[in-house]
Amino acid sequence: MTTKIIQSAKSKLARLRTLGRDNSAVAMVEFAFSAPIVLGLGLLGTETAYFTITHMQVSQIAMQVADNASRVGENDILVSRRVFEDDVNSTFVGAEKLGDNYDIFQQGRVILSSLQQNSDGGQWIAWQRCRGLKNYTSTYGSEGDGSSGTSFPGMGEAANRITASPGTAVMFVEVAYTYEPITPFEFYGNTEITYTAAFNVRDSRDLTQLYQTTPASPVASCNTFSADRPA
């Protein structure tokens with residue numbers, strides 16, 4: 001009886017020694033520990049790439065709107081080009097197409113301003129048009145600012161102020177966009193992305209007003225917040 005007990009104990013001890021040398025499940029254990037880290041790094045890389053691309057896209061939208069707005073107007077080379085409300089609306093449609101994959105007007109807002117010189121030689125915002133659901137107002141001024149006098153300095157950051165020359169205008173664009181993460185881990189949260197762009201008008205332009213067609217075109221007023229084309 002004693003012999004059997006001793007043999008059983010030896011057998012169990014041998015199995016324990018074998019188990020101590022067994023490494024058949026090491027890979028699985030290592031994977032269990034490393035998988036969350038690898039997955040987290042992968043998601044962070046994906047989110048960072050998308051965040052960077054979104055920044056680039058918002059910047060491109062700002063430049064496209066400013067560039068297109070600097071070119072619009074009736075095609076009459078004998079007189080200064082008149083710009084119509086429908087021209088501005090078409091410019092916003094171009095932004096909508098470029099930012100379609102990013103819901104630019106559902107999650108953002110585009111503000112287009114015509115920066116000109118007033119009769120006193122100062123800077124003023126002759127007109128301003130907006131589109132987008134995001135509750136965001138211009139950082140640099142509203143329509144009518146600087147209509148007289150010389151106190152209004154222009155638009156843009158103080159270190160790089162944009163001003164208009166006599167007899168011409170600068171199309172100044174601000175785009176504000178709320179970034180929404182694409183992964184469950186909100187590494188960047190609901191970050192607000194903002195960009196500006198400015199282009200001088202390309203041709204001789206009638207700067208007195210934005211004209212209307214017949215029947216009248218809708219006005220993209222900055223007092224309303226809408227993702228749709230103004231109706």
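Trainee: Why is Glu 96 called partly exposed?

Mentor: In this predicted model, Glu 96 has a relative accessible area of 28%. Partly exposed covers the range between under 20% and over 50%, so Glu 96 gets that label.

Trainee: What makes Glu 96 and Arg 131 a salt bridge?

Mentor: Their side chains meet at 3.3 Å, N to O. The cut-off is within 4 Å, so the pair counts as a salt bridge. Arg 131 belongs to strand 2 and Glu 96 to helix 3, 35 residues apart, and the pair links distant parts of the chain.

Trainee: Is Arg 131 buried or exposed?

Mentor: Arg 131 is buried, at a relative accessible area of 3%. Buried means under 20%, so the value meets the definition.

Trainee: What makes Arg 129 and Glu 85 a pair that ties parts together?

Mentor: Arg 129 lies in strand 2 and Glu 85 in helix 3, so the salt bridge joins parts that are 44 residues apart in sequence. The N to O distance is 2.7 Å. Arg 129 has a relative accessible area of 10% and Glu 85 has 4%. With the limit for buried at under 20%, Arg 129 is therefore buried, and so is Glu 85.

Trainee: How do you know which label fits Asp 67 and which fits Arg 71?

Mentor: Asp 67 has a relative accessible area of 19%, and the limit is under 20%, so Asp 67 is buried. Arg 71 has 44%, between the two cut-offs, so Arg 71 is partly exposed.

Trainee: How are Asp 67 and Arg 71 placed in helix 2?

Mentor: They are four residues apart, about one turn of the helix. Their side chains meet in a salt bridge at 3.0 Å, N to O. Asp 67 and Arg 71 are also linked with Arg 202 in a network of salt bridges. The structure holds eight salt bridges.

Trainee: Which residues have the most contacts inside the largest nonpolar core?

Mentor: Leu 112, Val 173 and Val 175 do, in a core of 31 residues. Several elements each supply at least two residues, among them helix 3, strand 1 and strand 3. Helix 2 gives the most, with seven residues.

Trainee: What is Leu 112 in contact with, leaving aside its neighbours within four places in sequence?

Mentor: Its partners include Ala 69, Val 88, Phe 92, Trp 127 and Val 173. Arg 129, from the salt bridge with Glu 85, is also one of them.

Trainee: Which residues belong to the second, separate core?

Mentor: That core has eight residues, including Leu 115, Ile 125, Ala 164 and Val 170.

How values were computed. Residues numbered from 1 in each chain as written. Predicted model: local features only at pLDDT ≥ 70, side-chain atom pairs only at ≥ 80, totals over all residues. Heavy atoms only, no water. Core = buried A, V, L, I, M, F, W, Y, C linked by side-chain atoms within 4.5 Å. Buried < 20%, exposed > 50% of the residue type's maximum accessible area, 1.4 Å probe, protein only. Contact = heavy atoms within 4.5 Å.
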